[in-house]
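Me: I have a new structure open and would like to learn how to read it. Could you walk me through some of its features?

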Amino acid sequence: MISRRLLLSAAIPALMAFSAVPAFADTLKVVASFTVLGDVVSQVGGKHVKVTNLVGPNGDPHEFEPSPTDARNLKAAQVAFVSGEGLEGWMDRLITASGYKGKPVVVSEGVNTRTMDEDGKTVTDPHVWNSPVNVKVWVANIEKALSEADPADTGAFKANAEAYIQKLDAMNAYAHSKFDAVPADRRKVLTSHDAFGYFGREYNVSFLAPLGLSTETEASAADVAKLIEQIKAEGVKTYFLENSNDPRLVKQIAKATAAQPGGELYVESLSDAKGPAPTYEKMFRYNVDQIAAAMAKSS
């Protein structure tokens with residue numbers, strides 16, 4: 001059986017002959033690795049960018065398998081953006097296969113990252129966007145990259161960036177207003193994998209999860225048993241599903257601990273346009289509201 005990876009490599013040379021028509025003269029053709037990043041790039045770039053996301057709505061950036069279409073879009077891009085910190089493990093392979101000549105902009109450079117121990121190794125948590133404080137670093141890096149690619153529109157990028165940073169400050173203040181008064185023993189929730197570390201650090205919320213920083217990891221029976229005991233001991237009363245990954249394990253753990261469902265969180269991807277989280281701002285506020293409501297209900 002020929003692997004999808006080999007098919008991708010074989011298909012790309014033929015597809016390159018049909019690369020997309022260049023963007024309008026005043027519009028940068030931009031690729032973003034996933035929807036959350038793509039939205040922030042759109043906020044800074046405004047009408048001067050056309051953004052294509054590689055991982056689409058409700059997609060999992062950890063387990064993503066690039067297609068020939070993704071290779072074609074990357075090949076045609078004038079600027080490419082990735083979050084970095086190990087999130088897009090597939091990106092180097094896609095760059096090689098597509099023939100993209102540029103170097104992706106790593107927007108998380110400069111973020112105060114957190115590290116964890118997983119299987120005896122120290123790894124960096126890549127989920128930096130779950131705190132709007134970190135996304136302010138994204139915005140600065142995006143503004144700089146767009147201005148370098150399109151100097152004529154530097155003023156517009158600067159104005160857009162400043163306006164969006166004000167929104168990020170408002171989002172951060174909103175989250176603090178929801179959580180700061182909640183007793184510490186109620187700031188605990190169960191999720192599918194460890195993707196809310198930066199959110200937890202900023203708002204002093206404890207997130208317990210059966211899986212590590214990547215959904216590609218697997219939880220052992222011993223790890224699951226240990227987590228169940230921890231949930232019972234700490235009195236965690238609410239669990240959340242995630243829009244971009246398999247809910248079965250967290251449901252199994254919830255059943256064993258009597259934790260109640262709190263709804264669905266948008267962790268690594270936006271919803272489609274009709275969903276509750278079609279932009280980063282709406283995604284963040286939605287998650288805050290869901291988690292805060294669960295805490296209030298558990299009191």
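**Reading the fold, step by step**

Reply: Happily! Let's start with a pair of strands: β1 (residues 28-34) and β3 (residues 79-82) run parallel and are joined by three bridges. One facing pair to find is Ala32, which stands opposite Phe81 in β3. Please keep in mind that this is a predicted model.

Me: What holds strands of a sheet together, and in what order do the four strands of the open sheet lie?

Reply: In general, strands of a sheet pair through backbone hydrogen bonds, in either a parallel or an antiparallel way. Here the order across the open sheet is β2-β1-β3-β4, with parallel pairing. At the edges lie β2 (49-55) and β4 (105-106), each of which pairs on one side only.

Me: Which strands pair in the antiparallel sense over four bridges?

Reply: Look at β5 (residues 115-118) and β6 (residues 121-124), which do just that. Met116 has Val123 in β6 as its bridge partner. The two strands form a hairpin with two residues between them, and in that turn Asp119 has a positive phi of about 55°.

Me: How should I read a positive phi?

Reply: The general idea is that most residues other than glycine have a negative phi. Besides Asp119 in the hairpin turn, look at Asn58, with a positive phi near 60°. Asn58 sits in the loop between β2 and α3 and is partly exposed, its relative accessible area being 34%. Asn204 also has a positive phi, of about 55°, and is not a glycine; you will find Asn204 in the loop between α7 (197-203) and β8 (206-208). A glycine example is Gly46, just after α2, where phi is positive at about 60°.

Me: You mentioned α2. Is helix α2 mostly covered or exposed, and how many of its residues are buried?

Reply: Burial is read residue by residue, using the relative accessible area: under 20% counts as buried. Helix α2 (residues 35-45) is mostly covered, with nine of its 11 residues buried. Among them are Thr35, Val36, Leu37 and Gly38 at the start of the list, along with Val44 and Gly45. The cover over these buried residues includes the strands β1, β2 and β3, and also the helices α5 (132-149), α6 (154-179) and α10.

Me: At what angle do α2 and α6 pack?

Reply: For two helices, look at the angle and the distance between their axes. α2 and α6 pack at about 120°, and their axes are 7 Å apart. That angle makes α2 oblique to α6. Where they meet, α2 offers Asp39, Val40, Gln43, Val44 and Gly45, while α6 offers Ala156, Phe157, Asn160, Ala161 and Tyr164. Sorted by class, this contact has six nonpolar, three polar and one charged residues.

Me: Could we try a second pair of helices? Which residues of α3 meet α4?

Reply: First the geometry: α3 (residues 68-76) and α4 (residues 91-98) pack at about 75° with their axes 9 Å apart. So α3 is roughly perpendicular to α4. From α3, Asp70, Ala71, Leu74 and Lys75 meet Met91, Leu94, Ile95 and Ser98 of α4. Five of the residues in this contact are nonpolar, one is polar and two are charged. Helix α3 also lies across β1, β2 and β3, running at about 135° to β1.

Me: How do I find the nonpolar core, and which residues touch the most other members of the largest one?

Reply: Look for buried nonpolar residues whose side chains are joined, with atoms within 4.5 Å. The largest core has 67 residues, and Phe81, Trp129, Trp138, Ile142, Phe179, Phe199 and Tyr280 touch the most other members. Helix α10 (residues 280-297) supplies the largest share of this core, eight residues. Another core lies apart from it and has nine residues, including Val224, Ile231, Ile253 and Ala259.

Me: What does Tyr280 touch?

Reply: Leaving out residues up to four places away in sequence, the partners of Tyr280 include Val36, Asp39 and Val40, as well as Trp129, Tyr164 and Leu270.

Me: And how many helices and strands are there in the protein chain?

Reply: The chain has 10 helices and 10 strands. Of its 299 residues, 47% are buried.

Technical notes
Residues are numbered from 1 along each chain as its sequence is written. This is a predicted model: local features need pLDDT of at least 70, side-chain atom pairs count only at pLDDT 80 or more; totals for chains, interfaces and linings use all residues. Side-chain values use heavy atoms; hydrogens and water are left out. Axes are lines fitted to C-alpha atoms, for helices over the stretch in contact, and angles run from 0 to 180 degrees between N-to-C directions. Angles under 35 degrees count as roughly parallel, over 145 as roughly antiparallel, 65 to 115 as roughly perpendicular and the rest as oblique. Contact means heavy atoms within 4.5 Å. Ala, Val, Leu, Ile, Met, Phe, Trp, Tyr, Cys and Pro count as nonpolar, Asp, Glu, Lys and Arg as charged, and the others, Gly among them, as polar. Buried means under 20% relative accessible area, exposed over 50%, partly exposed in between (1.4 Å probe, protein chains only). Two strands pair if DSSP finds at least two bridges between them.
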